[in-house]
Protein chains: 2
Amino acid sequence: MGYLVSTKGRYALRMMLDLAENSGGNYVPLKEIAERQDISLKYMEAIMPNLVKAGLVSAVQGKGGGYMLSKDIDEYSVGEVLRASEGSMVPVACLEGGFECPRSETCKTRKVWERLDHMIDDYLDSLPLSELLERGPWTA
Amino acid sequence: MGYLVSTKGRYALRMMLDLAENSGGNYVPLKEIAERQDISLKYMEAIMPNLVKAGLVSAVQGKGGGYMLSKDIDEYSVGEVLRASEGSMVPVACLEGGFECPRSETCKTRKVWERLDHMIDDYLDSLPLSELLERGPWTA
DNA sequence: AATATTGCCTACAAAACTGATAGGTAATTA
DNA sequence: TAATTACCTATCAGTTTTGTAGGCAATATT
């Protein structure tokens, strides 16, 4: 078994939350996030571009630059952050896009995976990122 | 991202279904299952012992031997078969047993994973293996 | 203009995991 | 005795994960 969500996705979530809490309308340099979150700066440098490409975060280069959320925190879902950083997020190889399993027509187990996948997506996509903040109901 | 369920679990499910359909109270040799399911015999030899150890399947060595389900097909859940073959089945490393993440007390994302894990287990554990058979409502 | 800061890009790599394969041993029946 | 079958250990190629290293490009401050 592998993990549905790897460090890429988990770190991305923490980076987004860090931005929400520590940017005050300003751009936050990655170095600061790295220190606060105790995540390798160089590794985050590999994760951030995915969030930028997906339009979740805006970046500015040069001195005084850094990253900033491009929407209000409660407009994000956990699912969209994870998908942007993980690339793909399915529970079994059978469901991987751009690939049709030759057994899919007669396979008795396929529906199990399809429903499982749907359930996972539903949960993560309907969960607002803002729920995870201190002020959210979960930690109250 | 990795896959929550690998070939180990997927093959195990197909092997159990094959046993349900093709054993008529008799022990079925692995070689037959390998041919019907088109799965490597040697690979299955690595998977079966896990199902035996978990008590899901009983084995008899020697000529005329093989494997047989130890319960009626509708007494199994998909979840117990997967757990027996996969060993562990959690969506993120944070939840791996025998290991306590030092951040777990203050981590804002942990509850996401706990709920996700619970949801997945609930679904798979409440799904009877017999649902996947031809006669099940899914393929009707 | 010079300098410091910051994001961005490519390449590399150790470790672990996946998906097997190979070969031999033990048990059981015909 | 011979054939069949499960069981056990070791090996292994390929991929993925989790980073690291180094330099280039852009921008603000001085």
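How do the residues of the surface near DNA strand C divide into nonpolar, polar and charged? The split is nine nonpolar, 10 polar and four charged, where Ala, Val, Leu, Ile, Met, Phe, Trp, Tyr, Cys and Pro count as nonpolar, Asp, Glu, Lys and Arg as charged, and the others, Gly among them, as polar.

Before going further, a word on the ground rules. This is a predicted model, in which local features need pLDDT of at least 70 and side-chain atom pairs count only at pLDDT 80 or more, while totals for chains, interfaces and linings use all residues. Residues are numbered from 1 along each chain as its sequence is written, chains are lettered from A and ligands numbered from 1 in the order in which they are written, and side-chain values use heavy atoms, with hydrogens and water left out.

Back to the DNA. In total, 23 residues surround DNA strand C, the closest being A:M1, A:Y67, B:S40, B:K42 and B:Q61; a residue is near the strand if one of its heavy atoms lies within 4 Å of it. Sugar and phosphate make up 70% of the DNA strand C atoms that come within 4 Å of the protein. Two tyrosine side chains illustrate this: an N or O atom of A:Y67 sits 2.6 Å from a phosphate oxygen of DNA strand C, and one of B:Y11 sits 3.1 Å from a phosphate oxygen. A base gets a partner too, with a base nitrogen of DNA strand C 3.1 Å from a side-chain N or O atom of A:E45. Strand 1 (57–60) and strand 2 (66–69) of chain A, plus helix 1 and helix 3 (41–53) of chain B, each supply at least two residues of this surface. Helices (H or I, at least four residues) and strands (E, at least two) are DSSP runs, numbered from the N terminus.

Now for the protein–protein side. Here 40 residues of chain B are in contact with 40 residues of chain A, contact meaning heavy atoms within 4.5 Å. The two chains bury about 3,800 Å² between them, 68% of it on carbon and sulfur atoms; that area is the accessible area (1.4 Å probe) lost on putting the two parts together, summed over both.

There are two salt bridges between chain B and chain A, each a side-chain nitrogen of Lys or Arg within 4 Å of a carboxyl oxygen of Asp or Glu. B:K108 makes one with A:E21, at 3.8 Å between the closest N and O atoms. Helix 5 of chain B gives the most to the side of chain B that touches chain A, namely nine residues.

Methods. A polar contact is a pair of N or O atoms within 3.5 Å; within protein, one must be able to donate a hydrogen and the other to accept it, and residues adjacent in sequence count only if both atoms are side-chain atoms.
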